[in-house]
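These are my notebook entries on one chain, written while I had its sequence and coordinates open. I begin with a loop and then go on to strands, a helix and the totals.

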Amino acid sequence: MRTATIYNFLLEANLMASIAIILMLAVRKLLRKPLGCGAIRFGWLLVAIRLLCPLTLPNPFIGTIRSDYVNDLAIRPIASQVQRRVEDGLGDLYWAMRKGAGMAEENPVSQAVRSSYLGMGNGSFARTMMIIYLIGMALVIGWFIFSNVRFRYRLKADRIETLNGELLSHYHALCKKRGVKPLPVYLTDPLPSACLVGVFRPWIALPLSASPQDAIRVLDHEICHYKGWDHIWALLRLFCCALHWFNPLVWLAAKCSRTDGELHCDERVAKDMNLEEKQQYAGILVLAAAKRSAPGVPVLATGMTMTGRKLKNRVQGIVSGKKPLKALSMGFMILASMLLVCAFATAEYFPVPGIPAFREEMLPPVQPIATLEEAIIYAKQIPDLPYIQWNAQGAAWTADEFPDAGEAFRVCARKENGNYLIVVLLKEGGIHSIVQTSPISWATAKEERKNASWEPELIKFAAQYVTAANPALDGKLNMETITIRHITDTEHPGALFAMVDISYTEKVNNSWGTIVVVQLAPELRIFECSPGNG
């Protein structure tokens, strides 16, 4: 995988997801009660999808932010803006250190900044940053593995026995009520609070000290965690933090998502309880909080413990029993889903029109040209041709002999602003070449080779066009060797250009081939159809 591909994904995902995280923090702060924890958890799921999914959708407006003079066109507009701004910032910092602060060239700090600035152009800076990113990700994954192995080893070492007796019967009845398959339950000591452990083969750790009445409430809580797929949510949080370890907002989102998962679980547990039962359940949470111990974000386990203001809000939410507004929750989820689609729209979009079939009226009738005056009269038909559309108003027309094409005249139409149209006409009849001012800045244009569904139609159109313009080419085109090069121009990010190379089986009019340069998007136009520049 190319480094540019990874940078595109990381930058686009982090930028869009960071905006979403900030919005989610505001939503959970201001709209938790009317929306409910279920809708808020759904919002966190959408954030995780944006962080983990490398999908990009075409956006016709995204190309407007592509920076000029980007060396690698595989870097999409958002990444190219970041690349350009970092490069400018390093350059400004270097000269500020040299001139403003009077720092010597040999100074290690000055050399480091200069090396980073130069590295932005030759790619060494990007490689260094990628190495740092991969090392950081490896360290975070290693920490996650170590934390989980240590946590599960301690739990297994502290197991006393499996659930049995009357409590086991109550547990099976509870699982049947909740509609889930009973999970293994182990009485564990010491254990601050119950937790659901693992992902692929989850089990429940239950404190040995829990009374039978409290144990049923606690088991109900953990079963609701399992039914709500909270063990899968824990794995998603780890993936997000591992891939985007450098973004503190991702870690904050993981912590908030974990808290919201506990609150949503409380909603499910207390849904059918009366006030007295809710108070008993809240009391169990308060006792668990006194232990002040719970698995952290890196551990694949749930935990009932919360302290301080979070616990107070949690207890109030359980006792009050206020139900969310379904219409508002549904509206939030629909709007959030629509915004998620927009958050993936970070790729450029070039709407390619259908390639037309060639028609005779696309070119003037072929006729012999005897004089310069006749050449100018004939050439003045060219600007108004379909797909040429050159504005000839105010142009000065001149003509001369053009021996480079054999027996031919060259007609030039030039305007004061530098725009031009050059047509080379064969005396025996036919158009040798048509060249008009091209919008392509060849200094910044990049040639690429891609596969596109419209290529066969463009090849057919170009071959028919050049043959109709110059009948001497009829039957002499090398159709099997025609190639197309895609051209991307940083000065015209919304346009798509293509160059069709056509070779001949024998030399015709002092040429072995023709080049056809067209603009496919936003509209089809022919800028060059000639062996050279006319």
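Entry 1, the loop. I looked up P365 and found it in the loop between strand 6 (347-348) and helix 14 (372-379), where helices (H or I, at least four residues) and strands (E, at least two) are DSSP runs, numbered from the N terminus. I note that P365 counts as exposed because its relative accessibility is 59%; the classes are buried under 20% relative accessible area, exposed over 50% and partly exposed in between, with a 1.4 Å probe and protein chains only. Its C-alpha lies 8.6 Å from that of G430, although P365 and G430 are 65 residues apart in sequence.

Entry 2, provenance. I keep in mind that this is a predicted model, in which local features need pLDDT of at least 70 and side-chain atom pairs count only at pLDDT 80 or more, while totals for chains, interfaces and linings use all residues. Residues are numbered from 1 along each chain as its sequence is written, and side-chain values use heavy atoms, with hydrogens and water left out.

Entry 3, the strands. I then turned to strand 8 (residues 408-414), which is mostly covered, with five of its seven residues buried. Strand 7 (residues 396-401) runs antiparallel to strand 8 and is joined to it by six bridges, pairing being accepted if DSSP finds at least two bridges between two strands. Within this pair A399 stands opposite V411, and in the hairpin, which has six residues between the strands, G406 takes a positive phi near 90 degrees. Strand 8 also pairs with strand 9 (residues 420-426), again in the antiparallel sense, over seven bridges, and here R410 stands opposite V424. The hairpin of strand 8 and strand 9 has five residues between them, and G418 in the turn has a positive phi of about 100 degrees.

Entry 4, the helix. For helix 6 (residues 124-157) I compared lengths: its 34 residues should span 50 Å at 1.5 Å a residue, and the end C-alpha atoms are 49 Å apart, which agrees; the expected span is 1.5 Å times one less than the number of residues. Its buried residues include M130, Y133, M137, V140 and F144. R154 lies in this helix too, but counts as exposed because its relative accessibility is 52%. From R154 to P190 I read 9.8 Å, C-alpha to C-alpha, across 36 residues of sequence.

Entry 5, the totals. The chain comes to 15 helices and 15 strands, and of its 534 residues 46% count as buried.
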